[in-house]
Amino acid sequence: MSSAPRALLRKSKLLLQTTAAQCQALLQSYAADRRLTPTKQLHAHATVAGHFSSVQLRSAFATTYASCDFAPYSRKLFDELPERSLFLYNLVVRVMVKNGALVDAVKVFVEMLERGGECKPDHFTYPFVLKACGEMGWVGMGGGAHGRLCRDGFCWGVYVQNALMAMYLNWGCVEEARKVFDAMVEKSVSSWNTIISGYFRHGCAEQALVVYDQMVNSGFEPDSATVVSVLPACGVLEKLDVGRGVHEVVKEKGLGGDLVVRNALIDMYLKCCSVADARLVFDDMEMKDVITWSSMINGYNLNGDARNALVLCRLMQVEGVVPNSVTITSLLSACGNSRSLRDGKCLHGWAMRRNLATETIIESSLIDMYAKCNRVDLSFQVLKNMPNKKAVAWNALLSGCVQNGLAREAIVNFKYMLREAICPDCATFLSLLPAYAALADSQQGVNIHGYLLKCGLLLKSEVATGLVDIYTKSGRLDYAQRVFLSIADEDKDIVSWSAIIAGCGKHGHGETAISLFDQMVSSGVKPNEITFTAALHACSHAGLVDKGLSLFKFLAEECRTTPRMDHYACVVDMLGRAGRLDEAYKMITKMPYTANHSVWGALLGACVIHEDVEIGEAAASKLFQLEPENTGNSVLLAKLYASVGRWKDAERVRGMVNEIGLRKAPAQSLIEVRC
């Protein structure tokens, strides 16, 4: 017999000769070191040796298994014991919570309460019970536990109060958690981390940063958990300066070795649109995991740098890091944004080889990528091959059709979606409604309106706004106004206001558009650049020159926003229509940047109307430089010459067009035939 089996046999004989008292001594050692395998071996030998008649030994085994976080054996032995100590109760509750057996943990707690005696719950029991109640959403049980804590005098310990805060935050009761926090006589770093993290998780990022400042000012040193809680708040609020301050704390405290902290720094910088800072952190990291690479790739993509995102993909492969579904999704988005069909197909093939191509998020990203690369046929092929066609994949296809100007195809595919019994959601209609708007068909708009009412989705402000856009583009301003008025005042955002203002302006209701603009400002909604364009356009077409100029002044002075090119074009058009050509020309010369063709085109059109040859020639000269192949500018100039009787100049301009060989693009007309 070899030496190894002989040693094993000798060890087995020694264990069989071990007394119950010696077993207990060994178990104390195993529990302290959390050695599960020797505990199981000793359990077997103690059973063979007949030591399990001893209640103390069974209790010792239950304690050791609980110390080793082995719930099945500890609970079985625990249930068989006639008497249990408070220490064992607490251990069993702890191991059950740790292993996810939350219902069983609370049952043991209730048993403790029913037994009474010396095994009453103490400050070691309650934190685990509170954790179980918080994760299970048991408000009644958790509130009762809080009441008993206060009654029994255990509610002042830091450990217990931290558990109370965590429980209330799991329920979304931020104010209750803050009351517990404020009542704490002593706070630990964990206390501060709990409330900071809770504020962020429940959408109170600004308050999270306020509490972080209070923590630092109170003399507490942030740790890795603090940093990981604060940095996402900086990213969401785009507080780059605060984020850089936290980065300095990371350097001072030596927390940069933690991979999670580094990943949080990269994410924060990317959300603050500081890609260069994120890349510095990324390049300085010795170890990177798939989250690191995915964050950086996605950051480049979101900041409009698809090329670098794809470059990182190749570097990631060189480093031997295997992309996951999130990475592939970001890379496919980068391929779509850069119209890189070849790279997209390669990623598609790679995902198929890794058995990732059947994941819904990947399939939806493939559909979107192919659509952005003008290959809607391949998008449809991906959808066709999907075993389970979910709404998110159909939404991607509908959006892709709209992006490629295939409005009718989008509507047809929507009907196919309904035939396959796929229930559309809000995102479906956000993808689909622009197709109806592009067709500008009022009857189709009424049809989809009825369907939205039936589905109950018209209560969503973003869906109602899409319907407003459909009706304004199809000439049914009365319907558009009704839908707009049906949106609750608190739900009317800048998009819905802009849609109705633009619609009124396009249909010549300038005064109504300006009245709506004033109502929007009074309601507290801050206008954006698109809203100003719509309002200025309305003023231009309605001849409301003074109101338009005051709006332009309000944009520059009150909103502290530099007017965009289309704002100047609207004002120049407005002044030109009113015959104030000198003012329009002076405005162009004083613009902070060089005027484009739309600005000069508006001026030239006004010069034709008011027969101003001098300014018209200056505008035409600029347009010939900016748009040498646009025959419309030459036609306008010839028309201007003809209107003042300068027939030779008019013939000269027309002859110049004929010599160059420019041709006017043919117009198109569309009618709808219904059977």
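## Close-ups of charged and polar pairs

**View 1. Asp277 is a buried residue, with a relative accessible area of 18%.** This is a predicted model, so keep that in mind for each of the views here. Asp277 pairs up with Arg244 in a salt bridge, and the closest N and O atoms sit 2.5 Å apart. The two partners bring together distant parts of the chain: they are 33 residues apart, with Asp277 in helix 17 (residues 275–284) and Arg244 in helix 15 (residues 240–253). Is Arg244 buried or exposed, or something in between? With a relative accessible area of 35%, Arg244 comes out as partly exposed. Asp277, by contrast, falls on the buried side because its 18% is under the 20% cut-off.

**View 2. Asp283 and Arg279 form a salt bridge within helix 17.** Here the N to O distance is 2.9 Å. Why are these two about one helical turn apart? Because they are four residues apart in helix 17. Both ends of this bridge get some exposure: Asp283 counts as partly exposed at 47% relative accessibility, and Arg279 is partly exposed too, with a relative accessible area of 21%. Arg279 stays out of the buried class because buried means under 20%.

**View 3. Asp377 and Arg375 are joined by a salt bridge.** The closest N and O atoms of this pair are 2.9 Å apart. Asp377 counts as partly exposed, at 44% relative accessibility. Its partner Arg375 is partly exposed as well, with a relative accessible area of 28%.

**View 4. Glu617, Arg646, Asp649 and Arg652 belong to one salt-bridge network.** What ties these four residues together? Salt bridges that share partners do the job. For the wider picture, a search of the whole structure turns up 23 salt bridges.

**View 5. Ser498, Thr531 and Asn528 are linked by side-chain polar contacts.** Thr531 is the residue to look for here, as a member of both contacts. One contact, of 2.6 Å, runs between the side chains of Thr531 and Asn528. The other, of 2.7 Å, joins the side chains of Ser498 and Thr531. Thr531 is part of helix 32 (residues 529–542), while Ser498 belongs to helix 30. Is Thr531 buried or exposed? Thr531 counts as buried, at 0% relative accessibility. Ser498 also counts as buried, with a relative accessibility of 9%.

**View 6. Glu462, Glu490, Asp491 and Asp493 make up a patch of negative charge on the surface.** Zoom in on Asp491, one of the residues in this patch. Where is Asp491 found? Look in the loop between helix 29 (477–486) and helix 30 (494–506). Asp491 is partly exposed, with a relative accessible area of 36%. That 36% lets Asp491 qualify for the patch on accessibility, because patch residues need over 30% relative accessible area.

**View 7. Lys98 and Phe128 are 30 residues apart along the chain, with their C-alpha atoms separated by 8.7 Å.** Lys98 lies in helix 6 (residues 86–98). At 51% relative accessibility, Lys98 counts as exposed. The call goes that way because exposed means over 50%.

Key. Residues numbered from 1 in each chain as written. Predicted model: local features only at pLDDT ≥ 70, side-chain atom pairs only at ≥ 80, totals over all residues. Heavy atoms only, no water. Patch = residues over 30% accessible without salt bridge, like charges linked within 9 Å, V, L, I, M, F, W, Y side chains within 5 Å. Areas by Shrake-Rupley, 256 points an atom, 1.4 Å probe, with all protein chains shown as cover. Salt bridge = Lys/Arg side-chain N within 4 Å of Asp/Glu carboxyl O. Lys, Arg positive; Asp, Glu negative; His and termini not counted. Charge placed at Lys NZ, Arg CZ, Asp CG, Glu CD. Buried < 20%, exposed > 50% of the residue type's maximum accessible area, 1.4 Å probe, protein only. Polar contact = N/O pair within 3.5 Å; in protein donor to acceptor, adjacent residues only side chain to side chain.
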